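User: I've got this model open and want to know what's behind the labels people put on it. Can you take me through the reasoning?

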Amino acid sequence: MAFNGTWKVDRNENYEKFMEAMGVNVLKRKLGAHDDLKIVIQQDGNKFTVKESSNFRSIEIEFTLGVNFEYSLADGTELTGSWNMEGNKLVGTFARKDNGKTLTAFREIIGDELVQTYIYEGVEAKRIFKRG
């Protein structure tokens, strides 16, 4: 249950380019890069509860590994897909409802940080979180 806890975003790598590839407009990209995102993860076996709070919204997501669910990004993009555990890494595969293109996401603990990696249309970005 290494993911359990409260995590605050510390830094981003290539996040604005990723948002651009996703079709997020320039104003939302600038704001999104400084959203002060905090996530709280609670794992109970194969079930996860994730609470996200930022400058823009607060939401709670519940999912079970391997079970499809629907999710909306902060910019309103709607996705459907699932998370799975591969070794010590959470791997998410999601399809955009508007164009069917795939967004892949990874969550892993590296040292004392939670690293979220996103890949869309060949553009990779990372958001690095520290325990908060």
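User: What makes glycine 45 worth a look in the hairpin of S2 and S3?

Analyst: Its backbone: glycine 45 takes a positive phi near 65 degrees, in a hairpin with two residues between the strands. Bear in mind that this is a predicted model.

User: How do you know that S2 and S3 count as paired?

Analyst: The cut-off is at least two bridges, and S2 and S3 have seven, running antiparallel. One of the matches puts valine 40 opposite lysine 51 in S3.

User: And what makes S3 and S4 a pair?

Analyst: Again at least two bridges are needed, and strand S3 (residues 47-53) shares seven with strand S4 (residues 58-64), in the antiparallel sense. Lysine 47 is bridged to threonine 64, and lysine 51 has glutamate 60 as its partner in S4. The hairpin joining S3 to S4 runs through four residues.

User: Which side chains of S3 point to the buried face?

Analyst: Phe48, Val50 and Glu52 do, while Lys47, Thr49, Lys51 and Ser53 point to the other face and aren't buried.

User: Why is glutamate 52 called buried?

Analyst: Buried means under 20% relative accessible area. Glutamate 52 comes in at 12%, so the label fits.

User: What makes glutamate 52 and arginine 57 a salt bridge?

Analyst: The nitrogen and carboxyl oxygen have to be within 4 Å. For glutamate 52 and arginine 57 the closest N and O atoms are 3.7 Å apart, and the pair qualifies. By this rule the count comes to 13 salt bridges.

User: What makes aspartate 35 and arginine 127 another one?

Analyst: Here the closest N and O atoms are 2.8 Å apart, against the limit of 4 Å. Aspartate 35 sits in the loop between helix H2 (26-32) and strand S2 (38-44), and arginine 127 in strand S10 (residues 123-131), so the salt bridge ties together parts that are 92 residues apart in sequence.

User: Are aspartate 35 and arginine 127 buried or exposed?

Analyst: Buried, with the line drawn at under 20%. Aspartate 35 has a relative accessible area of 8%, and arginine 127 has 2%.

User: What sits over the ring of tyrosine 15?

Analyst: The charged end of arginine 127, at 4.2 Å from the ring centre. The distance limit for that label is 6 Å.

User: Why is the pair of tyrosine 15 and phenylalanine 18 called stacked?

Analyst: A search of the whole structure turns up eight aromatic pairs. In this one, the ring centres of tyrosine 15 and phenylalanine 18 are 6.1 Å apart and the planes differ by 15 degrees. Pairing calls for centres within 6.5 Å, and stacking for planes under 30 degrees apart. Both residues lie in helix H1 (residues 15-21), three residues apart, about one turn of the helix, and both are buried.

User: What does phenylalanine 18 touch beyond its sequence neighbours?

Analyst: Setting aside neighbours within four places, phenylalanine 18 is in contact with Leu103, Tyr118, Ile119, Tyr120, Val123 and Ala125. Phe18 is also listed with Ile41, Phe63 and Trp83 as having the most contacts inside the largest nonpolar core, which has 30 residues.

User: Which residues form an aromatic cluster?

Analyst: Phe48, Phe63, Phe69, Trp83 and Phe94 form one.

User: Why is serine 82 called buried?

Analyst: Serine 82, found in strand S6 (residues 78-86), has 9% relative accessibility, so it counts as buried. The cut-off is under 20%. Not counting residues up to four places away, serine 82 touches Gly66, Val67, Asn68, Phe69, Val91, Gly92, Thr93 and Phe94.

User: What makes lysine 97 and glutamate 70 a salt bridge?

Analyst: Their closest N and O atoms are 2.9 Å apart, and the rule asks for within 4 Å. The pair links distant parts of the chain, with lysine 97 in the loop between strand S7 (89-96) and strand S8 (102-110) and glutamate 70 in strand S5 (residues 69-72), 27 residues apart.

User: Why is glutamate 70 called exposed, and what is lysine 97 called?

Analyst: Exposed means over 50%, and glutamate 70 has 57%, so it passes. Lysine 97, at 40%, is partly exposed.

User: Which residues do shared salt-bridge partners join into a network?

Analyst: Asp10, Arg11, Glu113 and Lys130 are joined into one network that way.

Notes
Residues are numbered from 1 along each chain as its sequence is written. This is a predicted model: local features need pLDDT of at least 70, side-chain atom pairs count only at pLDDT 80 or more; totals for chains, interfaces and linings use all residues. Side-chain values use heavy atoms; hydrogens and water are left out. Rings of Phe, Tyr and Trp (its six-membered ring) pair if their centres lie within 6.5 Å; planes under 30 degrees apart count as stacked, over 60 as edge-to-face and the rest as tilted. Buried means under 20% relative accessible area, exposed over 50%, partly exposed in between (1.4 Å probe, protein chains only). A charge sits over a ring if NZ of Lys or CZ of Arg is within 6 Å of the ring centre and within 35 degrees of the ring normal. Contact means heavy atoms within 4.5 Å. A salt bridge is a side-chain nitrogen of Lys or Arg within 4 Å of a carboxyl oxygen of Asp or Glu. A nonpolar core is a set of buried Ala, Val, Leu, Ile, Met, Phe, Trp, Tyr and Cys residues joined through side-chain atoms within 4.5 Å.
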